Amino acid sequence: MKQIITIQHAQSEHHVNGMMGGWNDWELTPLGHGQAQRIGERLGAELAGQSVKIFSSDLKRAAQTAAPLAKRLGLVVEYRKE
């Protein structure tokens, strides 16, 4: 059986500056980078040895959230504009 796991991007600049996220290309905050790292470590341990593909929006905050998991699993992220 296939599994689909969705992950919302970690804390980004728009969360702390009162702006809307939308399609604006905000970076992760330092806290967000830490959150993304922990997601990568925990989910990476759970998925180790399994057949996995990682898809991400091409927006910075999504790509920065996906990067630690991809690194942990030795995968390349497939970036999507949709």
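Q: Does D58 count as buried or exposed, or as partly exposed?
A: The structure is a predicted model, in which local features need pLDDT of at least 70 and side-chain atom pairs count only at pLDDT 80 or more, while totals for chains, interfaces and linings use all residues. Residues are numbered from 1 along each chain as its sequence is written, and side-chain values use heavy atoms, with hydrogens and water left out. Buried means under 20% relative accessible area and exposed over 50%, with partly exposed in between (1.4 Å probe, protein chains only). Because D58 has a relative accessibility of 34%, its class is partly exposed.

Q: Which residue does the side chain of D58 meet in a salt bridge?
A: A salt bridge here is a side-chain nitrogen of Lys or Arg within 4 Å of a carboxyl oxygen of Asp or Glu, and the N to O distance in this pair is 3.2 Å. The pair links distant parts of the chain, 23 residues apart, with D58 in the loop between β1 and α3 and its partner in the segment after β2. That partner, exposed at 67% relative accessibility, is K81.

Q: How many residues apart in sequence are the parts that K60 and E27 tie together?
A: The side chains of K60 and E27 meet in a salt bridge at 3.5 Å, N to O. K60 lies in helix α3 and E27 in the loop between α1 and α2, so the separation of the parts they tie together is 33 residues.

Q: What distance separates the end C-alpha atoms of helix α3?
A: Helices (H or I, at least four residues) and strands (E, at least two) are DSSP runs, numbered from the N terminus. The expected span of a helix is 1.5 Å times one less than its number of residues, so the 14 residues of α3, residues 60-73, should span 20 Å. The distance in the model agrees with this expectation, and is 20 Å.

Q: At which residue does α3 bend?
A: The bend at a residue is the angle between axes fitted to the seven residues ending there and the seven starting there. For α3 this angle is about 30°, and a proline, P68, follows within four residues of the bend, which is at A67.

Q: Which element gives the largest share of the largest nonpolar core?
A: A nonpolar core is a set of buried Ala, Val, Leu, Ile, Met, Phe, Trp, Tyr and Cys residues joined through side-chain atoms within 4.5 Å. The largest has 7 residues, namely L43, L47, I54, A66, L69, A70 and V77. The elements giving two or more residues to this core are α2 and α3, and the largest share, 3 residues, comes from α3.
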